Amino acid sequence: MFANKKIVLGICGGIAAYKAADIASWLKKNGADVHCVMTANAAKFISPLVLQALTANPVAVDEFVTGPGWGIVHIALADKADALVIVPATANVIGKIAAGIADDALTSAVLAATCPLFMAPAMNTNMYRNPAVQHNLATLREHGWHILPPASGHLACGAVGEGKLPDVTVIEEALQKLLLPRQDLAGKKVLVTAGPTSEPIDPVRYITNRSSGKMGYAVAAVARERGAEVVLVSGAHLATPAGVRLIKSGSAVEMREAVISEYDTCDIVVMAAAVADYRVAAPADRKIKKTDDNDELTLHLVKNPDILRELGEKKTHQLLVGFAAETNDLDAYATAKLQKKNADMLVGNDVSRAGAGFDVDTNIITIFQPGGIKTEYPLCSKQQAAEYILDAVVEALRGR
Ligand code: PMT
């Protein structure tokens with residue numbers, strides 16, 4: 001199942017450390033190349049020798065010890081990983097990772113890793129509920145960590161409550177999902193718009209808005225991970241997600257041109273961009289100079305093309321997803337836009353709520369669909385919001 005997958009398995013110093021042996025063994029049996037990295041405290045709970053025997057690989061505890069072909073331990077571990085998995089994750093290590101501290105082989109490897117990251121926290125109930133730990137976990141979620149919530153039950157300390165490491169089978173199921181992501185968009189072409197448009201005033205100035213592009217880029221990245229061919233149209237200043245084709249656009253008119261040129265061959269369009277509704281009618285071709293005799297400057301604006309509305313009118317087979325950023329009356333505005341633009345789905349975000357909307361890593365979305373269907377989602381990372389949106393898209397395509 002996991003042939004060709006290299007997994008770095010991090011183990012922290014908690015009583016549940018011994019269960020990491022089961023996870024290492026299961027990964028290995030399923031074809032993964034498993035490399036364990038333990039904290040010094042973890043090595044007091046379970047011998048590195050056990051993990052070495054189960055994985056047939058050396059185990060890193062001390063970052064200054066080298067093995068054959070290891071180079072610098074934490075970099076070698078981070079570079080080789082297709083996924084970095086921590087079972088169990090203790091409050092201490094969670095705090096260090098959230099703060100960017102790298103003071104041993106495990107936390108240094110985490111800091112250098114660019115692969116998917118997963119952890120299963122396990123600790124005493126009060127420690128788990130402590131606001132500092134909850135804050136750190138929220139930070140890690142925002143940074144893209146996949147975090148498996150602990151189970152409830154009898155804990156080693158005698159307490160009964162949340163904090164128990166989930167059953168090994170539950171962890172295995174979560175890892176399977178992480179390591180073998182769904183390919184439910186394979187064979188589909190997805191077009192995503194993201195970020196602001198910029199409407200020139202003169203060669204040095206333009207009108208824009210607060211969109212960073214993060215929401216649309218997350219949709220593009222997740223659609224690609226789920227197997228789609230993805231074209232992203234954007235003028236945002238973000239790194240293009242791996243495997244995604246970027247068409248750079250500046251103004252709404254440029255964005256429209258790019259979108260229309262790809263539209264016929266698309267199966268799904270997600271318009272996450274914050275497109276300016278108006279542009280300067282005749283941008284100056286030279287820098288507009290301030291004059292002593294004039295305290296006012298009037299810009300004459302004209303309406304931009306409504307790209308989503310045009311797509312709605314031209315729609316043949318495409319599934320059309322629009323967005324609505326509102327500060328009030330989200331339901332009414334989003335429902336009206338869904339209808340007016342002939343979209344199949346409208347993702348509403350109330351940008352007046354903390355953690356939602358422009359230039360943050362999280363969002364709070366509500367998906368509106370024809371027939372008065374409305375689904376609300378909790379505050380989550382934009383990656384997770386993208387998963388929710390694409391889940392709804394896949395579901396809608398299934399119903400066609
Ligand atoms: O980029 P981030 O910082 O991550 O922020 C994300 C976001 C808040 C920009 C995003 O989640 C979002 O809500 N995007 C839509 C922004 C918006 O204000 O949309 P709107 O209500 O103006 O437009 C409704 C829909 O029509 C949108 O899908 C928009 O792309 C589209 N539209 C709008 C105007 C226009 N001229 N052409 C369009 O196609």
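Helices and strands are here runs assigned by DSSP, with at least four residues for a helix and at least two for a strand, and they are numbered from the N terminus. Counted in this way, the protein chain of this predicted model has 14 helices and 21 strands. Along its principal axes the C-alpha trace spans about 75 × 55 × 40 Å, and buried residues make up 50% of the 400 residues in the chain. Among the contacts with a separation of 6 or more, 66% are between residues 24 or more positions apart. The accessible surface of the chain comes to about 19200 Å², and carbon and sulfur atoms contribute 51% of that area.

One open sheet is built from five strands in the order β2-β1-β3-β4-β5, with parallel pairing. Its edges are formed by β2 (33–38) and β5 (146–147), each of which has a single partner strand, so one side of each is left without a neighbour in the sheet. Strand β1, residues 6–11, runs parallel to β2 and is joined to β2 by six bridges, and G10 stands opposite V37 in β2.

Helix α1, residues 20–29, lies across β1, β2 and β3 (83–89) and runs at about 175° to β1. Seven of the ten residues of α1 are buried, so the helix is largely enclosed by the rest of the structure. The buried residues are A20, A21, I23, A24, S25, W26 and L27, and they pack against β1, β2 and β3 as well as against the helices α3 (48–55) and α9 (168–179). An α-helix has 3.6 residues a turn, so residues three or four places apart point the same way. After α1 comes G31, which has a positive phi near 100°.

A second open sheet holds eight strands in the order β12-β11-β8-β13-β16-β17-β19-β20, and here the pairing is mixed. At its edges stand β12 (245–248) and β20 (373–376), and each has a single partner strand, so one side of each is left without a neighbour in the sheet. From one strand to the next, the twist averages 15°.

Within this eight-stranded sheet, β13 can be followed from one partner to the other. Strand β8 (residues 189–194) pairs with β13 (residues 268–271) in the parallel sense over four bridges; V192 has V270 of β13 as its bridge partner, and T193 has M271 of β13. Four bridges also join β13 to β16, and these two strands run parallel, with M271 having G322 of β16 as its bridge partner. M271 therefore takes part in bridges to T193 and to G322. In a regular strand the side chains alternate between the two faces of the sheet. In β13, I268 and V270 lie on one side and V269 and M271 on the other, and with all four buried, both faces of the strand are covered.

Two helices that lie across this sheet can be described next. Helix α11 (residues 252–263) lies across β8, β11 (229–234), β12, β13 and β16 (319–326), running at about 175° to β8. Helix α14 (residues 382–398) lies across β13, β16, β17 (345–350) and β19 (365–369), running at about 15° to β19. Both helices thus lie across β13 and β16.

The loop between β12 and α11 contains S251. Is this residue buried or exposed? S251 has a relative accessible area of 11%, and because buried means under 20%, S251 counts as buried. Its contacts, leaving aside neighbours within four places in sequence, are with T197, S198 and E199.

The last part of the picture is the ligand. It is surrounded by 28 residues, of which S211, S212, K337, N349 and D359 are the closest. In the side chain of S211, an N or O atom is 2.6 Å from an oxygen atom of the ligand. The backbone also takes part: a backbone N or O atom of P305 lies 3.0 Å from a nitrogen atom of the ligand, and a polar backbone atom of F323 is 2.9 Å from an oxygen atom of the ligand. Of the 780 Å² of accessible area that the ligand has on its own, the protein covers 95%.

Key:
Residues numbered from 1 in each chain as written. Predicted model: local features only at pLDDT ≥ 70, side-chain atom pairs only at ≥ 80, totals over all residues. Heavy atoms only, no water. Pairing = 2+ DSSP bridges. Axes fitted to C-alpha atoms, helices over the stretch in contact; angles between N-to-C directions. Contact = heavy atoms within 4.5 Å. Near = heavy atom within 4 Å. Polar contact = N/O pair within 3.5 Å; in protein donor to acceptor, adjacent residues only side chain to side chain. Areas by Shrake-Rupley, 256 points an atom, 1.4 Å probe, with all protein chains shown as cover. Buried < 20%, exposed > 50% of the residue type's maximum accessible area, 1.4 Å probe, protein only.
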